[in-house]
Amino acid sequence: MQPRSSSDRSLNLGILAHVDAGKTTLTERLLHLAGVIDRPGSVDAGTTQTDSLDLERRRGITIKAAVVAFPLDDLVVNVIDTPGHPDFIAEVERVLGVLDGAVLVLSAVEGVQPQTRILMRALQRLGVPTLLFVNKIDRAGADVDAVLDAIRSRLTPDVLPMGTTAGLGGRTAAFTAYATDDPAFRERETVALAEHDNALLTAYVEGREPTAAELASSVAEQTRAGRLHPVFAGSAATGAGVADLVEGIAAFLPPADLDVDGPVSGRVFKVDRGPAGEKVAYARLFAGELRVRQQLELTGGRSGKVAGIEVFGHGQWARATKARSGQVARLLGLGAVRVGDGFGASARAEEHQFPPPTLEASVEALDPAQRSSLRVALAQLADQDPLIAARTDQDGRPTVSLYGRVQQEVIAATLAEEHGIEVEFSEASVLHIERLRRVGTAIERFNTPSNPYGATIGIRLAPAAPGSGVVLDLDVALRDLPLFLFKTVDHFTAVMRQHVDRALARGLSGWAVTDCRVTLTEVGYTSWDGPPSQRGDLPTALDYRKLTPLVVRQALAAATTQVCEPALRVDLEVPTSDAPQLLRLLGRWGAEVAGQTAAGDLTRLDVRLLAARLHDLQHQLPDLTGGEGVLEARFDGYRPVRGRGPVRRR
């Protein structure tokens, strides 16, 4: 590797792995090898560069994506260390959208683990070029050949081992890269490439041998296209094989496209808080240049001015006057920013749809005097991860949405360590929704006994397609709108949308109402100089805020609702001998087996399962399959609850 050059080229690299496969240790070794740090940090000792949260250091896992950088030839490699626990899969998927390439880390002892398969599928789905690194070859029980077999059978057959290992299971374990003129390696290289290159296949069959340079070029081309995955091995703890991996990163992964002349475009993949509580946004720039004091229009109509820019270099974040296409930057001053926000062309792009959390739990401050502080702290956490959807129940207790119980522990630890608030959670319960059964209408007119407000509102609620959310339409005359209060039609619509959303947050059974079309059918207000029936004090914005939920509630009562519970599509891979007992269990739970295929000694099941049963399945699967079972669950919509639906606690 050479010292940092003046090049502006960047490579945004993700390092991903199942929990404890060694990705954070690998990041430390990369930084040390590049001369960024004097010695690698230790996960066990809590001295790593990327695990900055106290809980990360204590548990030895990554929870929030972290960014560091190192120089590589004429590149600046921004390394994004991502979570490995499935409770934080949304954090992982946010990061994947800003990567140029990735290294997927596997353990030479444990091999292909459950989260490994989930991460590989996500990388393939998003087309992220990926190298594989078989770590921990110095550990007792290391078996690289067995891991390669598992990779081919459980991840992808499109792999190319780049070297050989020796001394497995000891501190002297080593990785030696194949020489490019090694006839046996060139043969394997040619066969692997020919799977996706007809011209090369024809030449191979006809006995025409490509040159080493042509093969290397083809490996880079197919890797960057996501059709081939070079495999390296080594030990992040001892440094074995890491230098060869670095050479592979430089040779096979594509640097960021440079488009400095286009309009600025980027996406925020992480939001932190600075020492004074200010927001710090981590953003990947896809095009253009971003300068200090530049105004940004963010996703959802929010905006802000960039007060400061920092880029990572020489082991730390440093102030800069601008950030360029391809770089990762920390942006200061964006008070309205949220995780996932885009700006420029990225703000107009369709947002990534994460599966919704399927659990919720209420949170209580152990010290009653900290209840208001707890609400503020949860609002800040929601900025960092909007999917936790912090909100307040009618009894005043905050409630958060969750993917799993480890995430709940992380929230509790974060509140204690960063905000000084000790909390306790209620037992997590399944998060349901409500959908309309039929069309419902309601109207409240001013100057009538049932309406104490100086406004008229008529609303029609109609069922809409599953997954469509809530849509608001206006079916009223422009002259009837109170534009003296709201200035423009768009402003009035936006305010009414907020009122409607708040009203629909709790349906007839207490769950959020969704997948419906809301139409304002009548709007009116009192005036000073109208007919006697219309005279009165001019309305205020508060009249519309107070009246809207009353009318929505009446329309809901007319429409009635159906409580629905989340369902999952679960992909199970289990030993064939264990499949029958697992199928019997799934049958007792009312699960639907949509598909079943066998390959060798493994059986793959495609199952539709209610989310309420997922925790039970996760708990019982290791015992049922001798620890060999693997599952991947993804959201599969909502299903009507049979019988009377549960009522959400108030």
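Let me start with how helix α16 passes helix α17, which in this predicted model is a right-handed crossing. If you find the two on the screen, α16 covers residues 579-588 and α17 covers residues 614-625, and their axes come within 11 Å and cross at roughly 155°. Since an angle over 145 degrees counts as roughly antiparallel, α16 and α17 are therefore roughly antiparallel to each other.

Which residues make that contact? From α16 they are Gln581, Leu582, Leu585 and Leu586, and from α17 they are Leu617, Gln620, Leu621 and Leu624. Sorted by character, the residues of the contact of α16 with α17 come out as six nonpolar and two polar, with no charged residue among them.

I would like to set beside this a second pair, helix α6, residues 183-194, and helix α7, residues 198-205, whose axes are 8 Å apart and which pack at an angle of about 135°. That angle makes α6 and α7 oblique to each other, and α6 passes α7 in a left-handed crossing. On the α6 side, Glu187, Thr190, Val191, Leu193 and Ala194 take part, and they meet Leu200, Leu201 and Tyr204 of α7. The residues of the contact of α6 with α7 divide into six nonpolar, one polar and one charged.

Turning now to the interior, how many residues does the largest nonpolar core have, and which of them have the most contacts inside it? The core has 80 residues, and those with the most contacts inside it are Leu26, Phe70, Ile151 and Ile249. To take Ile151 as an example, and leaving aside its neighbours within four places in sequence, this residue is in contact with Leu106, Val112, Leu132, Val134, Thr156 and Val159. There is also a second, separate core, which has 28 residues and includes Ala455, Ile459, Val470 and Leu520.

My last stop is Glu427, which you will find in the loop between β23, residues 423-425, and β24, residues 429-430. Is Glu427 buried or exposed? With a relative accessible area of 61%, Glu427 is exposed, because the cut-off for that word is over 50%. Exposed as it is, Glu427 is in contact with Glu360, Arg405 and Arg649, again leaving aside its neighbours within four places in sequence. I would also point out Ser362, which is 65 residues away from Glu427 along the chain, while the C-alpha atoms of the two are separated by 8.1 Å.

Terms used. Residues are numbered from 1 along each chain as its sequence is written. This is a predicted model: local features need pLDDT of at least 70, side-chain atom pairs count only at pLDDT 80 or more; totals for chains, interfaces and linings use all residues. Side-chain values use heavy atoms; hydrogens and water are left out. A nonpolar core is a set of buried Ala, Val, Leu, Ile, Met, Phe, Trp, Tyr and Cys residues joined through side-chain atoms within 4.5 Å. Buried means under 20% relative accessible area, exposed over 50%, partly exposed in between (1.4 Å probe, protein chains only). Contact means heavy atoms within 4.5 Å. Axes are lines fitted to C-alpha atoms, for helices over the stretch in contact, and angles run from 0 to 180 degrees between N-to-C directions. Helices (H or I, at least four residues) and strands (E, at least two) are DSSP runs, numbered from the N terminus. Angles under 35 degrees count as roughly parallel, over 145 as roughly antiparallel, 65 to 115 as roughly perpendicular and the rest as oblique. A crossing is left-handed if the near helix is turned anticlockwise from the far one by less than a right angle, and right-handed if clockwise. Ala, Val, Leu, Ile, Met, Phe, Trp, Tyr, Cys and Pro count as nonpolar, Asp, Glu, Lys and Arg as charged, and the others, Gly among them, as polar.
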